[in-house]
Amino acid sequence: GVPVIVSNIEVHKEICSSSALYFNPFSAKDLVEKIETIFENSKENERHINLGKKRAEIFQWEKAVNKISSILKNIYVDSKSN
């Protein structure tokens, strides 16, 4: 339920997609500007909160467990058929 500011590196882009504000990890000025954006622009702040909540729905333990379980079952079945 809070806006996220992360450095503009690939792993953060993969995880956060469009839900975060990105800053240049080599620029303190850019980080300060993003923090100011959050404090000064309530519409931008709310937009990122909503995008973040939607993005977080993708990362649920139950979904992850089910997917991993399915993969492991398929591996087990495949190993038994060989």
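Modeller: A helix is here a DSSP run of H or I with at least four residues, and helices are numbered from the N terminus. The structure is a predicted model. In helix α3, Arg 47 and Glu 44 lie three residues apart, about one turn of the helix.

Colleague: What makes the meeting of the side chains of Arg 47 and Glu 44 a salt bridge?

Modeller: The N to O distance between Arg 47 and Glu 44 is 3.3 Å. The limit for a salt bridge is 4 Å, so the pair qualifies. An α-helix has 3.6 residues a turn, so residues three or four places apart point the same way.

Colleague: Why is Arg 47 called partly exposed?

Modeller: Its relative accessible area is 41%. That value falls between the 20% limit for buried and the 50% limit for exposed, and therefore Arg 47 is partly exposed.

Colleague: How many salt bridges does a search of the whole structure find?

Modeller: The search finds four. Among them is the pair Glu 33 and Lys 29, in which both residues belong to helix α2 and stand four residues apart.

Colleague: How do you know that Glu 33 forms a salt bridge with Lys 29?

Modeller: The closest N and O atoms of Glu 33 and Lys 29 are 3.9 Å apart. This is within 4 Å, so the pair is counted. Lys 29 has 62% relative accessibility, which is over 50%, so Lys 29 is exposed. Glu 33, at 35%, is partly exposed.

Colleague: Why does Lys 34 count as buried?

Modeller: Its relative accessibility is 19%. Buried means under 20%, so Lys 34 meets the definition. Lys 34 is found in helix α2, residues 28-40. Beyond residues up to four places away in sequence, Lys 34 touches Ile 5, Leu 21, Tyr 22 and Phe 23.

Colleague: What makes the link between Lys 34 and Asp 30 a polar contact, and what makes the same pair a salt bridge?

Modeller: The side chains are joined at 2.6 Å. A polar contact requires N or O atoms within 3.5 Å, and a salt bridge requires N and O within 4 Å, so 2.6 Å satisfies both limits. Asp 30 is buried, as is Lys 34.

Colleague: How do you know that the span of α4 agrees with its number of residues?

Modeller: At 1.5 Å a residue, the 21 residues of α4 should span 30 Å, and the end C-alpha atoms are 30 Å apart, so the two values agree.

Colleague: Why is α4 called hardly covered?

Modeller: The count of buried residues among the 21 residues of α4 is zero.

Colleague: What makes Ser 17 notable in its phi?

Modeller: Ser 17 has a positive phi of about 55°, although it is not a glycine. Ser 17 lies in the loop between α1 (10-16) and β2 (21-23). Its 35% relative accessibility lies between 20% and 50%, so Ser 17 is partly exposed.

Colleague: Where does the side chain of Asn 41 reach?

Modeller: The side chain of Asn 41 reaches the backbone nitrogen of Glu 44 at 3.0 Å. Asn 41 is placed in the loop between α2 and α3 and, with a relative accessible area of 34%, is partly exposed.

Colleague: Which residues form the nonpolar patch on the surface?

Modeller: The patch consists of Ile 9, Val 11, Ile 15, Ile 58 and Phe 59, with about 440 Å² of accessible area together. Phe 59 lies in the loop between α3 (42-56) and α4 (61-81).

Conventions
Residues numbered from 1 in each chain as written. Predicted model: local features only at pLDDT ≥ 70, side-chain atom pairs only at ≥ 80, totals over all residues. Heavy atoms only, no water. Patch = residues over 30% accessible without salt bridge, like charges linked within 9 Å, V, L, I, M, F, W, Y side chains within 5 Å. Areas by Shrake-Rupley, 256 points an atom, 1.4 Å probe, with all protein chains shown as cover. Helix = DSSP H or I, 4+ residues; strand = E, 2+ residues; numbered from the N terminus. Buried < 20%, exposed > 50% of the residue type's maximum accessible area, 1.4 Å probe, protein only. Polar contact = N/O pair within 3.5 Å; in protein donor to acceptor, adjacent residues only side chain to side chain. Contact = heavy atoms within 4.5 Å. Expected span 1.5 Å × (residues − 1).
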